[in-house]
Each structure stands twice: as C-alpha cells, then as structure tokens.
Amino acid sequence: MKKPDLMKMCVQNLTRRKTRTFLTTLGVLIGCCSIVIMVSIGFGMQEQQEQMMKSFGDLTLIKVTQEGDTSDHKIDQNLVDEIEQMNGVAVVSPKKVLDSYTVHAFAGLNNRFQTDYMDAVGIDTGKINEFDYKLLEGTSELNEGEVLVGRNFVLNFKDSLRPEGSNTAQNGYLQKDEIPEGFFDPLAEKITLEISKSDNTGSSADTDGSSTEKKAVVKLKPVGYTAEDYNKGTETVDGMIMSLNDFQNMINQLSTPGTTDTSYDSVMVKVSDISMVEPVENAIRQQGFNTESMTSMRKDLEDQARHTQMMFAGIGAISLFVAALGIMNTMIMSISERTREIGIMKSLGCYISDIRMMFLTEAGIIGLIGGAIGCVISFAVSAVINISSLGGFSMDTLKAAILGGEGITRVSIIPIWLYVFAIGFSILIGVASGYYPANKAVKIPALEAIKSE
C-alpha cells in the first residue's frame, strides 16, 4: 500500500467516528498541556531564582581569605600573582580593611557631623570598572586622596549640634538605587578620618607595661556613590573605598618606624564565566585558603528548581498516561468494529505490515494533533499567566511575557525545545498505545474476520 493511500485511509477511519476521535484527542491535549505548563512553571521558578541571585551581586566573584592566623598561608602579593595566572581568572585585587582599628570620621565646619563607625577598605581602584562596581553618581576615576562612598554613607553621621533623638537623618523606605538625604552632601565635603590603635608592646616610656594609643588623621575627598553590592562588601552600602596606596600610607602612620605590613586581609577574584567559579575556588583551596562565592547557594537553588520541575512534570505525565489509556481503548474498539474490514484487506492480499502500520499511524495522528493543539493552548495559557503577573495587558507586557528581558521575571517560561519535546512525546505515546491493538488486529484470521458481523 502506498503511503498517500495509507494516510488517506487513516484520516477516513478517524473522521468516521468524530466524537470518539475528538474525545481521545482531547485527552492527549490535556496531558500535553499539563506537562508543558507544569515544566514551564519550573523554568519560571529558575528564572526568578537567577534574578534573585543577581540582586545579591556578581555571581562570578570569589572572596579569598586566610585560614586562621597561620603564617604558612599568608595573603600577600605572591598569592595575588599566582591567582592571576590561574585559568579562567579575569581580574584580581587585594583588599585591606580597618577591622583591628578604632575609626572616627568627621565632616562639616568644625567637624559638626561625626560618626564612631566607618567601614573603610583599600583595593586596587584601577580595576574598579573591571570588577563591575556600579556608580549611582560621580566618577570611579580616583586620584590621590579621593574615595568612593556607599550610598548610605551619609546616614552614619550624627549632627553634634542637634539634641539626642533628632541628630540622625531619617529617610524611611528607599528604592535600591535611591541616594538618601543626610545632613550634608558627601561629594561636596572632605571627610576627616581619625584612626587609632592601641600599642601593647610596653615601651621604655611606659615601664609599667600600660598601652599607648597611636593616631593617624587623614583628609579624604569622596567623588562618587557606589550602588549596594553585598557580595563585594558592606563598604558599597555605607562604607568607604580608597586606593591601596592611600590605605597603606594611612596605616603606615600607626606602624612602628622601619616596619611595613605587606600582607592583605583578603583577595577579590573575578572569573571570566560563572562556570569557572568552582574550578578556580578548588584551585585556591588546594593552596590552603578559604573561599566564598555565591556558587553553593546557586547550586542549592538550581537543585530545588530541578526537583520542582521533575515533580511538576510527573504530575503532567499522569494526565498523559491517562490519555494513553484512552488511545488504547479507542483503537481496541476500532478493531472490534472493523474486524470484517481487516479480513477483507487480508483476503485481498494486503500485507500484515500495512495493516499494523495503518493502526499505528492512526494512533500517531491522534498523538500529533493532541500534542500540537496542546502546545498552542499552552503558549496562550503561559502568556496570560505572565501578563497577569506583569501587571495587565499591554504591548510591552505581551512582549515581555513572551520574550522576557533584563530584569523581567516571568512565572511561566516555555523554551522552543519543550514544544518540540511535547509534540514528539505525544506522538510516541500515541504510537506506543496503539502497538498492542495493532498487533491484535494483524493476528485476526482472515476467514474469521470476514464472517464477523
């Protein structure tokens, strides 16, 4: 039997019992929709998690810290040079902090504005743009004595001329990129840092062994606001970022003459791609250092999304399994009604393989039609869900619902391959469901079939 004739006969057989064919196809359609929509919601959860991770900061950033106080694995320039040579590393910067120092900061006329807290760090400011520091205002090009401040920097300061209770700036809720209003404009003022550290060495001037306090006073000029990025450090929120050279000159004022601390507190490492985070971390850990990144959290979220997708897909597969039973039932009933027709085909010399192929093709067509219509309906349902979550229908929300975009979080996402898979799986279910009825049909003896009423 020629293929065109076979297809024509299959279509005629399916249209002969329109209601039964429709209901069977409807079962496949519902099963296909269930799988596509359920899996798409899982992909939507994954996109939401990725957007959330991006809000935490740079996912390609690794922080390297020293393990304990051992001098065997010291963070110094040699380590920085070694990390720069590692495969996948894009840029590296050492980092120094003022954790072990007492810091006071002043601003305004006669040091009117004061704070007893300041999160100041020193980094390689020539690589600020390579590390993707976002600026809300100002410039990242720093000269000597110039610094960047976090967006909430000004909120650290109290007005010494105001009574307690009204001497702090209150801004209420702020948008992520909104700069708060304080008692002064940091970009229009110079900030005086007063840094002190106790010296417990017990010098000859202090024969009783009591501690003395060394102080360093520096004036710094803020030239830009950084957007908050906790992954890079809290200094991007309410602290101060300066060059390593300015930081070291400041610390040298507190050091014993003739000594210079060449070590760093940590190292920031940015890799070329998110896939390189784990291998670079492993290489650094093998050298005896601790690393921190968003990888572990990202993996946990990805595993959670994957498990959710599998659960949703399993629920949808149950619907498709029920549809498969419907196809099998339809084909078995079709065989019982067409027993005489099968006998006549055999007596006319029709090949058994053609009879089997006819029933398999009918089952496959039911799966194809159900899968195709199911994908169209799934597309429409997904678009409606996304449009509703994005605030209502408009051309912009329609485009965002279908194509997504930067900063857009969709509830349902259907990649192209999922449509192809759904249609192919529906056809496979149809053919598999029709296999038993098809085999049953070809085993009916010709004479017995002809005698059948």
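**Helices, a surface patch and salt bridges**

Let me begin at the end of one helix, where α9 is followed by G391, a residue whose phi is positive, near 110°. Before going further I should say that what we are looking at is a predicted model, and every value I mention is computed from it.

Helix α9 itself covers residues 352-389, which makes 38 residues. From its first C-alpha to its last it reaches 55 Å, and that is close to the 56 Å expected at 1.5 Å a residue.

A second helix I would like to show you is α2, residues 18-56, in which F22 is found. Together with L23, L26 and I30, F22 makes a nonpolar surface patch of about 380 Å². Is F22 buried or exposed? It counts as exposed, because its relative accessible area is 53% and the cut-off for that word is over 50%. As a reminder about helices in general, there are 3.6 residues a turn in an α-helix, so residues three or four places apart point the same way.

Now to the charged side chains, where a search of the whole structure finds ten salt bridges. I will take you through some of them.

One of these is formed by K95 and E235, with the closest N and O atoms 2.7 Å apart. This pair links distant parts of the chain, since K95 is in strand β2, residues 89-97, while E235 is in helix α4, residues 235-238, and the two are 140 residues apart. Both K95 and E235 are buried.

Another salt bridge brings together the side chains of E228 and R151, at 3.4 Å from N to O. Why can we say that this pair ties together separate parts of the sequence? The reason is that E228 lies in the loop between β10 (212-226) and α4, whereas R151 lies in the loop between β7 (146-150) and β8 (158-159), so the parts that are tied together are 77 residues apart in sequence. As for their surroundings, E228 counts as partly exposed because its relative accessibility is 22%, while R151, at 7%, counts as buried.

In a further salt bridge, the side chains of R162 and D159 meet at 3.1 Å, again from N to O. Here R162 is partly exposed, with a relative accessible area of 40%, and D159 is buried, with a relative accessible area of 1%.

Finally, please look at E84, D124 and K127, which are linked in a network of salt bridges. Thank you, and I am happy to go back to any of these residues on the screen.

Key
Residues numbered from 1 in each chain as written. Predicted model: local features only at pLDDT ≥ 70, side-chain atom pairs only at ≥ 80, totals over all residues. Heavy atoms only, no water. Helix = DSSP H or I, 4+ residues; strand = E, 2+ residues; numbered from the N terminus. Expected span 1.5 Å × (residues − 1). Patch = residues over 30% accessible without salt bridge, like charges linked within 9 Å, V, L, I, M, F, W, Y side chains within 5 Å. Areas by Shrake-Rupley, 256 points an atom, 1.4 Å probe, with all protein chains shown as cover. Salt bridge = Lys/Arg side-chain N within 4 Å of Asp/Glu carboxyl O. Buried < 20%, exposed > 50% of the residue type's maximum accessible area, 1.4 Å probe, protein only.
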